[in-house]
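The following exercises concern the model shown below. Each one poses a task and is followed by a solution in steps.

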Amino acid sequence: MATVKKDIRALTKEQLRDFFVKQGDKAFRGNQVYEWLWQKSAHTFEDMTNISKETRQMLEDNFVINHIKVDTMQRSNDGTIKNAVRLHDGLIVESVLIPTATRSTACVSSQVGCSLDCKFCATARLKRMRNLNPDEIYDQVVAIDNESRLYFNRPLSNIVFMGMGEPLMNYNNVLKAIDKITSDEGLGMSPKRITVSTSGVPKMIKKMADDAVKFNLAVSLHSAIDEVRTSIMPFNDNFPLDDLRESLEYWYQKTKRKISYEYVVWKGINDSQKDIDALVNFCKYVPCKVNIIEYNPIDDGEFQQANNEALEHYINTLEKNRIVVNVRRSRGKDIDAACGQLANKS
Ligand code: SF4
């Protein structure tokens with residue numbers, strides 16, 4: 001019976017060092033291979049040119065490198081790039097490079113499909129198929145970093161976990177991936193340039209605060225009224241706004257870091273004065289800023305972006321209440337790469 005080869009990137013550096021010692025080799029060999037796997041992103045054992053041929057063969061006999069493969073890359077008129085990424089088991093996720101004048105931001109996926117069921121989101125229609133492994137998250141970032149260097153002559157500057165999936169439902173793997181992304185043995189990026197965006201899982205927000213994570217937190221809020229939020233994000237029934245608020249207060253108490261609220265204004269859903277007042281009130285609990293995000297319809301259904309007047313009213317009211325507000329114009333609409341549109345249509 002053929003033995004199933006292990007994914008070598010599931011091993012820690014220590015485990016890799018131990019493996020080589022057990023093989024009668026030096027522990028240092030483990031360091032060399034580890035560097036190839038992460039810092040140099042080797043796709044095959046053949047690539048590891050300072051490792052002897054015999055050792056490479058031995059690795060080949062025992063392990064696999066489950067590297068992702070960018071199946072298709074689409075470029076938008078505005079420079080945005082969307083990758084359809086094939087995983088070792090044939091499933092596909094998407095990740096996006098969003099360039100601005102000074103920055104290259106990677107928007108990466110954390111799950112295949114999603115465990116949640118936000119009504120306005122294309123990914124929700126796929127249901128959750130599985131969580132991504134840390135190396136699969138890491139590889140998406142490396143692929144986008146390479147594209148940023150190639151097309152924009154600069155390395156990646158920021159990462160947002162805002163692609164497919166709810167990152168806090170794949171907490172351990174997301175954290176392990178961020179460890180690699182920020183470690184000098186990986187990409188060496190500052191955690192300050194990474195934002196994990198959640199739909200708001202109170203228990204996990206508290207856990208992140210307890211774990212003293214160093215990255216930023218964003219919450220897809222979209223409404224500060226329970227009935228409205230539940231109608232568009234049904235899991236709000238289980239994690240109501242009071243619980244969310246309490247977890248965010250806890251986060252701020254422990255980390256002293258501001259929270260970003262992601263907020264889309266939809267026509268007839270959350271564009272009334274009552275909705276604005278509730279948001280202003282919610283913003284008073286914890287230091288925060290609000291990102292108003294332009295919406296990209298996923299079909300002709302009930303979710304349509306509110307008109308400009310309603311958006312202006314939101315922005316003015318927030319500003320009058322001294323709440324920092326940014327407006328995020330949508331990017332990559334023509335290639336279905338914008339927020340809420342990722343659903344493997346390519
Ligand atoms: S918006 Fe995010 S959390 Fe909600 S279904 Fe889509 S991918 Fe999942």
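**Exercise 1. Decide whether the radius of gyration of the protein agrees with that of a compact globule.**

Solution. The model is a predicted one. Step one is the reference value: for 346 residues, a compact globule would have a radius of gyration near 20 Å. Step two is the comparison: the protein has 22 Å, which agrees with that reference. Step three adds the extent along the principal axes, where the C-alpha atoms fill a box of roughly 70 × 45 × 40 Å.

**Exercise 2. Characterise the fold by its secondary structure, burial, contacts and surface.**

Solution. Begin with the elements: the protein contains 10 helices and 14 strands. Next, take burial, for which 53% of the 346 residues count as buried. Then consider contacts between residues at least 6 apart in sequence; 66% of these join residues at least 24 apart. Finally, the accessible surface comes to about 16,100 Å², and carbon and sulfur atoms account for 48% of it.

**Exercise 3. Describe the largest nonpolar core and the surroundings of one of its residues.**

Solution. The largest nonpolar core comprises 102 residues. Those with the most contacts inside this core are Met48, Leu59, Ile159, Leu248 and Tyr261. Helix H9, residues 273–283, gives the most to the core, with six residues. Now select Leu248: beyond four places in sequence, Leu248 touches Ile205, Leu217, Val219, Ile259, Tyr261, Phe282 and Val286.

**Exercise 4. Identify the residues that surround the ligand and classify the shell by polarity.**

Solution. First, list the shell: Cys114, Leu116, Cys118, Cys121, Thr123, Ala124 and Gly165 surround the ligand. Second, sort the shell residues by class, which gives five nonpolar, two polar and no charged.

**Exercise 5. Determine whether Asn158 and Lys127 are buried or exposed, and state what each contacts.**

Solution. Asn158 is placed in strand S9, residues 158–161. Its relative accessible area is 12%, and the cut-off for burial is under 20%, so Asn158 is buried. Apart from residues up to four places away in sequence, Asn158 touches Arg103, Ser104, Thr105, Ala106, Met189 and Arg193.

Lys127 belongs to the loop between strand S7 (111–112) and strand S8 (130–131). Its relative accessible area is 54%, and exposure begins over 50%, so Lys127 is exposed. Leaving aside neighbours within four places in sequence, Lys127 is in contact with Val112, Gly113 and Cys114. Of these, Cys114 is also one of the residues surrounding the ligand. As a further step, take the C-alpha atoms of Lys127 and Gln111: these residues are 16 apart along the chain, and the atoms are separated by 9.9 Å.

**Exercise 6. Examine the backbone of Asn153 and Lys256, and say where each residue lies.**

Solution. Start from the general expectation: most residues other than glycine have a negative phi. Asn153, however, has a positive phi near 55°. Asn153 lies in the loop between helix H4 (134–152) and S9. With a relative accessibility of 69%, Asn153 counts as exposed.

Repeat the procedure for Lys256. Its phi is positive, about 60°, although Lys256 is not a glycine. The loop that holds Lys256 runs between helix H8 (241–255) and strand S12 (259–263). At 55% relative accessibility, Lys256 counts as exposed.

Notes
Residues are numbered from 1 along each chain as its sequence is written. This is a predicted model: local features need pLDDT of at least 70, side-chain atom pairs count only at pLDDT 80 or more; totals for chains, interfaces and linings use all residues. Side-chain values use heavy atoms; hydrogens and water are left out. A residue is near a molecule or strand if one of its heavy atoms lies within 4 Å of it. Ala, Val, Leu, Ile, Met, Phe, Trp, Tyr, Cys and Pro count as nonpolar, Asp, Glu, Lys and Arg as charged, and the others, Gly among them, as polar. Helices (H or I, at least four residues) and strands (E, at least two) are DSSP runs, numbered from the N terminus. The radius of gyration is taken over C-alpha atoms; the globule rule is 2.2 Å times the number of residues to the power 0.38. Buried means under 20% relative accessible area, exposed over 50%, partly exposed in between (1.4 Å probe, protein chains only). Contact means heavy atoms within 4.5 Å. Accessible areas come from the Shrake-Rupley method with a 1.4 Å probe; for residues, only the protein chains shown count as cover. A nonpolar core is a set of buried Ala, Val, Leu, Ile, Met, Phe, Trp, Tyr and Cys residues joined through side-chain atoms within 4.5 Å.
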